[in-house]
Amino acid sequence: MTIRKIKITAIIPIFAVLLLSSQAIASSLSGVVVSTKGEPVLGATVELSPRGLKMWTDEEGFFKFSKLNFSVSKISITRVGYKKRTHDLTEHEKRIGFVKLIVEPVPVTMEGVIVSEKRKPGELRRKQTPSIRELEGRQIAQIPGANQDLLRSLSYLPGIITRSDFSSQLYVRGGGPEQNLVLIDGIMISSPYRLGTFVSAFNPDLVENIQLLPGGFPAQYGNRLSSVLDIEYRNGKRDRYRLISNTSLINTSSAFEGPLFGENGGFVVSFRRTYYDLVLNQIADDDVAFPYFYDFQSKLDYDFSNKLRGEIHFSGATGGFKLLSEREEDDPESLDLNLRDESGDGLLSFTLGYRPVDNFDLRTQVARLHRNEEFIIDGDFELDVDISGRRNSLKQDAIYTSNNDKHRLLFGWEYHNTYADFSWELVADDSLNRDVPPGDQNIFMPKQDTFDYEGDEIFGGGYLSYEHRSWENV
């Protein structure tokens, strides 16, 4: 009898342990989420109920919750592009702590997006062609080697080169610089350079958008042979004041902008000046003054109403250099010369945009440009060259767009009156004007002479352009 009691007591604890282990729940829960094709689902949100713990699946679709201190009853899977699934955990899944979930892909639907164009009064929509090259003002500072220069930055585009590393003149598809039409907010610019042709006349802090048309440009741009460079200056901030400063290898600049008479207008003004000459002039001899320039550019805009808008563009620049060469005592043939060059230019324009109806825009622009330069040489001979010129322009553009936007009519006219005055006077010293045998003549033998020219030219033209869009996606 004693032996039988011992066997029964030993069997009871064994059954108790098995019974308790069958009811045990794992303290962690892991699993994998796959699609109906068996592919792992990355980034699916896994949520446990009732506590609401969340985590995301990895690239293998795997997830794991560790050290759970509560019993999990449900698990939910959500992912964009898949149908949401809620799964009730079975006793077996709770016990082993692993679950495999399959989610069904569903198409993602969304409401249609309507893209509409909103133009300011008098703003003409540009015709888009595949050959157009576009840049934004902020991109100029990011192009390596361009030195924050607008014209040099364009030389990195296909089919465009500059004359040399020391010139910003553009050659587009083999055409010369004089064959390029350069516009600032629709104003034709004759000489878009500073320091001769070393630096462009445009401050990148003011540039909003640049469009280069290397061929096939619309009728409103006239009869230029090579290309059209259309530069748009940005408007000033209307909600706050801001100051911008930049320094390049050649010059330093600052721009200030802000609201004008409330939130209906804005202004932006900038100032640039070379700084290398201020340093080098302190090191070099007094006989040399390194080339310099400084310019001022500004733009003001104001909305008088929803249909009437005005813009004023004003800029000015000046620059120059000097060089003094004295005759050396041991070289009587050397020259004694004092050379100076000073130049300046300015621009003033007023643009008025009017929109009498929603599908018709009228733009009128009045502009005046002037430029003067004086080149003087004193010493063994005297040379005085004076160049001055100005151009008065009047332009009017209009655009009509049909209500269904399939018909577009663009027409306008322009008038330019250009005046130029060029004179020079050369007076040679008697020692350089004497009669000597040809073999003994000085290499540089100027003659006494004067020249004077004064004249003007009137240029005008008109254009008419019609566009028809046959398909909605054109």
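This report describes the fold, the salt bridges, a nonpolar surface patch and two buried residues of the structure shown above.

**Overall features**

The structure is a predicted model. The protein contains 5 helices and 26 strands. Of its 474 residues, 38% are buried. Among contacts with a sequence separation of 6 or more, 59% join residues that are 24 or more positions apart. The accessible surface amounts to about 28400 Å², and carbon and sulfur atoms contribute 55% of that area.

**Salt bridges**

The protein has 20 salt bridges by the rule applied here. Three of them are set out below.

| Salt bridge | N to O distance | Separation in sequence |
|---|---|---|
| Aspartate 185 and lysine 299 | 3.3 Å | 114 residues |
| Arginine 238 and aspartate 301 | 2.6 Å | 63 residues |
| Arginine 242 and glutamate 257 | 2.7 Å | 15 residues |

In the pair formed by aspartate 185 and lysine 299, the closest N and O atoms are 3.3 Å apart. Aspartate 185 is located in the loop between β11 (180-184) and β12 (187-189), whereas lysine 299 belongs to strand β20, so this salt bridge ties together parts of the chain separated by 114 residues in sequence. Both aspartate 185 and lysine 299 are buried.

The salt bridge between the side chains of arginine 238 and aspartate 301 has an N to O distance of 2.6 Å. This pair also links distant parts of the chain, with arginine 238 in the loop between β16 (227-233) and β17, and aspartate 301 in strand β20. The two partners are not equally covered. Arginine 238 has a relative accessible area of 24% and is therefore partly exposed, since the buried class ends under 20%. Aspartate 301, at 1% relative accessibility, falls in the buried class.

These two pairs belong to a wider arrangement. A network of salt bridges links Asp185, Arg238, Lys299, Asp301, Asp303, Arg309 and Glu311.

**The β17–β18 hairpin**

Strands β17 (residues 242-247) and β18 (residues 251-259) pair in the antiparallel sense, with 6 bridges between them. Together they form a hairpin in which 3 residues lie between the strands. Arginine 242 of β17 and glutamate 257 of β18 are related in two ways. Glutamate 257 is the bridge partner of arginine 242 in β18. The same residues, arginine 242 and glutamate 257, also form a salt bridge, with the closest N and O atoms 2.7 Å apart. The pair is separated by 15 residues in sequence, one partner lying in each strand. Arginine 242 is partly exposed, with a relative accessible area of 31%, while glutamate 257 is buried, with a value of 1%.

**The nonpolar surface patch**

Phe271, Tyr294, Phe296, Leu300, Ile312, Phe314, Leu348 and Phe350 make up a nonpolar surface patch of about 680 Å². At least two residues of the patch come from each of the strands β20 (288-303), β21 (308-325) and β22 (337-357). Strand β20 provides the largest share, 3 residues. One member of the patch, tyrosine 294, is placed in strand β20. Tyrosine 294 is partly exposed, because its relative accessible area of 36% lies between the 20% and 50% limits of that class.

**Two buried residues and their contacts**

Strand β20 also holds serine 298. Serine 298 has a relative accessible area of 4% and is buried. Leaving aside residues up to four places away in sequence, serine 298 touches Leu206, Val268, Val269, Ile312, His313 and Phe314. Ile312 and Phe314 are also listed among the members of the nonpolar patch.

Valine 33 is part of strand β1 (residues 29-35). What is the relative accessible area of valine 33? The value is 0%, so valine 33 counts as buried. With residues up to four places away in sequence excluded, valine 33 is in contact with Glu39, Pro40, Val41, Thr57, Gly61, Phe63, Ile77, Leu101 and Val103. The C-alpha atoms of valine 33 and alanine 44 are 7.8 Å apart in space, and the two residues are 11 residues apart in sequence.

Technical notes: Residues are numbered from 1 along each chain as its sequence is written. This is a predicted model: local features need pLDDT of at least 70, side-chain atom pairs count only at pLDDT 80 or more; totals for chains, interfaces and linings use all residues. Side-chain values use heavy atoms; hydrogens and water are left out. Two strands pair if DSSP finds at least two bridges between them. Helices (H or I, at least four residues) and strands (E, at least two) are DSSP runs, numbered from the N terminus. Patches are made of residues with over 30% relative accessible area and no salt bridge: like charges are joined within 9 Å, nonpolar side chains (Val, Leu, Ile, Met, Phe, Trp, Tyr) within 5 Å. Accessible areas come from the Shrake-Rupley method with a 1.4 Å probe; for residues, only the protein chains shown count as cover. A salt bridge is a side-chain nitrogen of Lys or Arg within 4 Å of a carboxyl oxygen of Asp or Glu. Buried means under 20% relative accessible area, exposed over 50%, partly exposed in between (1.4 Å probe, protein chains only). Contact means heavy atoms within 4.5 Å.
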